[in-house]
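Welcome, and thanks for taking a look at this one with me. Here are a few notes to read alongside the picture.

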Amino acid sequence: MKQVMVMIGIAVLILLVSMTMLSVESRTDRKDELDRVVSAAVKQTVKESQIYNQTSITSDKEMVAYFVQNMCTSISSNGDLQIEVMGVDFKEGMLDVLVTEKFSYPNGRQGKITTRKCAIY
């Protein structure tokens, strides 16, 4: 009987450690992905806005829309994204954004990660 209780205790302990490691790894992976995707989208948008005689970005609103499109097609995680534009100037090739992702951990708790990226051509 004593061995059964010890085995159950060990199983519960292993389960708790596994869930903790999974949560930490999930947050790290999401943070890395968000940093990579936002950085690439900002760089691509600023680069695209400064191409001579291009017709896709002709205003600040179109530059923001292009950034959102680039980011949404690149990200693969399933969180809720909130994008705040801190500054934009399509003529000078400047874009500054703050992106927040809200997501759920495997145990049901809510998490939030934020990244801010700025690029000037």
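1. A definition to begin with: two strands are said to pair if DSSP finds at least two bridges between them. Please also keep in mind that this is a predicted model.

2. With that in hand, start with strand β1 (residues 80–89), which runs antiparallel to β2, the two being joined over 9 bridges. If you would like one position to look for, find Q82, which stands opposite T100 in β2. The two strands make a hairpin with 4 residues between them. In that turn sits G93, whose phi is positive at about 75°.

3. Next, follow β2 to its other partner. Strand β3 (residues 110–120) pairs with β2, again in the antiparallel sense, over 11 bridges. Here D96 has C118 in β3 as its bridge partner. This hairpin has 5 residues between the strands, and G108 takes a positive phi near 100°.

4. How much of strand β2 is buried? Of the 11 residues in β2 (residues 94–104), 8 are buried, so the strand is mostly covered, buried meaning under 20% relative accessible area. As a reminder for viewing, side chains in a regular strand alternate between the two faces of the sheet.

5. M94 deserves a closer look, as a member of strand β2. Is M94 buried, partly exposed or exposed? Its relative accessibility is 22%, so M94 counts as partly exposed. The C-alpha atoms of M94 and I120 are separated by 4.4 Å, although these residues are 26 apart along the chain. Beyond its neighbours within four places in sequence, M94 contacts M63, G87, V88, D89, A119 and I120.

6. Now for the helices. N70 belongs to helix α2 (residues 60–74) and is buried, with a relative accessible area of 16%. Which residues does N70 touch, not counting those up to four places away in sequence? They are A41, Q44 and T45. With T45 there is also a polar contact, side chain to side chain, at 3.5 Å.

7. Last, turn to helix α1 (residues 2–49), where you will find L16. Why does L16 count as exposed? Its relative accessible area is 52%, and exposed means over 50%. L16 joins V4, M5, I8 and V12 in a nonpolar surface patch of about 470 Å². Colouring these five residues in your viewer is a friendly way to find the patch.

Definitions and conventions:
Residues are numbered from 1 along each chain as its sequence is written. This is a predicted model: local features need pLDDT of at least 70, side-chain atom pairs count only at pLDDT 80 or more; totals for chains, interfaces and linings use all residues. Side-chain values use heavy atoms; hydrogens and water are left out. Patches are made of residues with over 30% relative accessible area and no salt bridge: like charges are joined within 9 Å, nonpolar side chains (Val, Leu, Ile, Met, Phe, Trp, Tyr) within 5 Å. Accessible areas come from the Shrake-Rupley method with a 1.4 Å probe; for residues, only the protein chains shown count as cover. A salt bridge is a side-chain nitrogen of Lys or Arg within 4 Å of a carboxyl oxygen of Asp or Glu. Buried means under 20% relative accessible area, exposed over 50%, partly exposed in between (1.4 Å probe, protein chains only). A polar contact is a pair of N or O atoms within 3.5 Å; within protein, one must be able to donate a hydrogen and the other to accept it, and residues adjacent in sequence count only if both atoms are side-chain atoms. Contact means heavy atoms within 4.5 Å.
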